[in-house]
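Okay, thanks for coming, everyone. I'll put the structure up and walk you through a few spots on it.

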Amino acid sequence: MLNIPILVLGLLIGYVIKHLVSDETIQNKYIPVINIVVGAVVGVILAVTAGGAITAEGILLAIIGGAVSCVSSSGVYDAFSAFIEKGEIAPKSDSAE
């Protein structure tokens, strides 16, 4: 269900919006929404141009797959930036054992 080119497109869109828009509330609220819409549209375009039979089920799966792939780029970006900043993917717990 995850489409890597659409995920990379979502990363690029999020990066461009994050560095071009100065208002942080707009960045945090609307980057995932923009990624969902763009991913759904790109998923449908890829499904239609693939050359197979165009069915309602195929279009629905393309919409869902594109949206999931593109919005998952937000999580990939957060994990990668945390890894770059702190050198670890998962935060360490501070509980004494």
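Let's start on the outside, with the nonpolar patch on the surface of this predicted model. The residues in the patch are M1, L2, I4, V8, L12, L60, L61, I63, I64 and V68, and together they have about 900 Å² of accessible area. Which elements give two or more residues to this patch? Those are α1, which runs over 4-20, and α3, over 56-86. The largest share comes from α3, with five residues.

Take I64 as one member of the patch. I64 sits in helix α3, and its relative accessible area is 37%. Patches take residues with over 30% relative accessible area, and I64, at 37%, is partly exposed.

Okay, let me step back to the whole chain for a moment. You can count three helices and zero strands, so to speak an α-α-α pattern as you read along the sequence. There are 97 residues in the chain, and buried ones make up 21% of them. The accessible surface comes to about 6,700 Å², and carbon and sulfur atoms account for 69% of that. And if you look at contacts between residues at least 6 apart in sequence, 65% of them join residues at least 24 apart.

Now for α3 itself. This helix has 31 residues and reaches 45 Å from its first C-alpha to its last, close to the 45 Å expected at 1.5 Å a residue. Which residues of α3 are buried? The list is A62, G65, G66, A67, S69, C70, S73 and S81. I'd like to show you two of the serines.

The first one up is S69, in helix α3. Is S69 buried or exposed? With a relative accessible area of 0%, S69 is buried. Leaving aside neighbours within four places in sequence, S69 is in contact with M1, L2, N3, I6 and L7. There's a polar atom in the S69 side chain, too, and the backbone nitrogen of N3 lies 2.7 Å from it.

Next is S73, also in α3. S73 counts as buried, at 1% relative accessibility. Its side chain reaches the backbone oxygen of C70 at 2.5 Å. Not counting residues up to four places away in sequence, S73 touches L7, G10, L11 and N35.

Let's hop over to α1, where we find I6. You just heard that name among the contacts of S69. I6 is buried, at 3% relative accessibility. What does I6 contact, leaving aside neighbours within four places in sequence? That would be G39, V42, G43, L46, G66, S69 and C70. Have a look at I6 and G65 as well: they are 59 residues apart in sequence, and their C-alphas are 9.3 Å apart in space.

Last stop, still on α1: V16. V16 counts as partly exposed, at 43% relative accessibility. V16 and I31 are 15 residues apart in sequence, and from C-alpha to C-alpha they are 10.0 Å apart in space.

To recap, we began with a nonpolar surface patch to which α1 and α3 each give two or more residues. Then we went to buried residues on those helices, with S69 and S73 on α3 and I6 on α1. That's my tour, so over to you for questions.

Notes. Residues numbered from 1 in each chain as written. Predicted model: local features only at pLDDT ≥ 70, side-chain atom pairs only at ≥ 80, totals over all residues. Heavy atoms only, no water. Patch = residues over 30% accessible without salt bridge, like charges linked within 9 Å, V, L, I, M, F, W, Y side chains within 5 Å. Areas by Shrake-Rupley, 256 points an atom, 1.4 Å probe, with all protein chains shown as cover. Salt bridge = Lys/Arg side-chain N within 4 Å of Asp/Glu carboxyl O. Helix = DSSP H or I, 4+ residues; strand = E, 2+ residues; numbered from the N terminus. Buried < 20%, exposed > 50% of the residue type's maximum accessible area, 1.4 Å probe, protein only. Polar contact = N/O pair within 3.5 Å; in protein donor to acceptor, adjacent residues only side chain to side chain. Contact = heavy atoms within 4.5 Å. Expected span 1.5 Å × (residues − 1).
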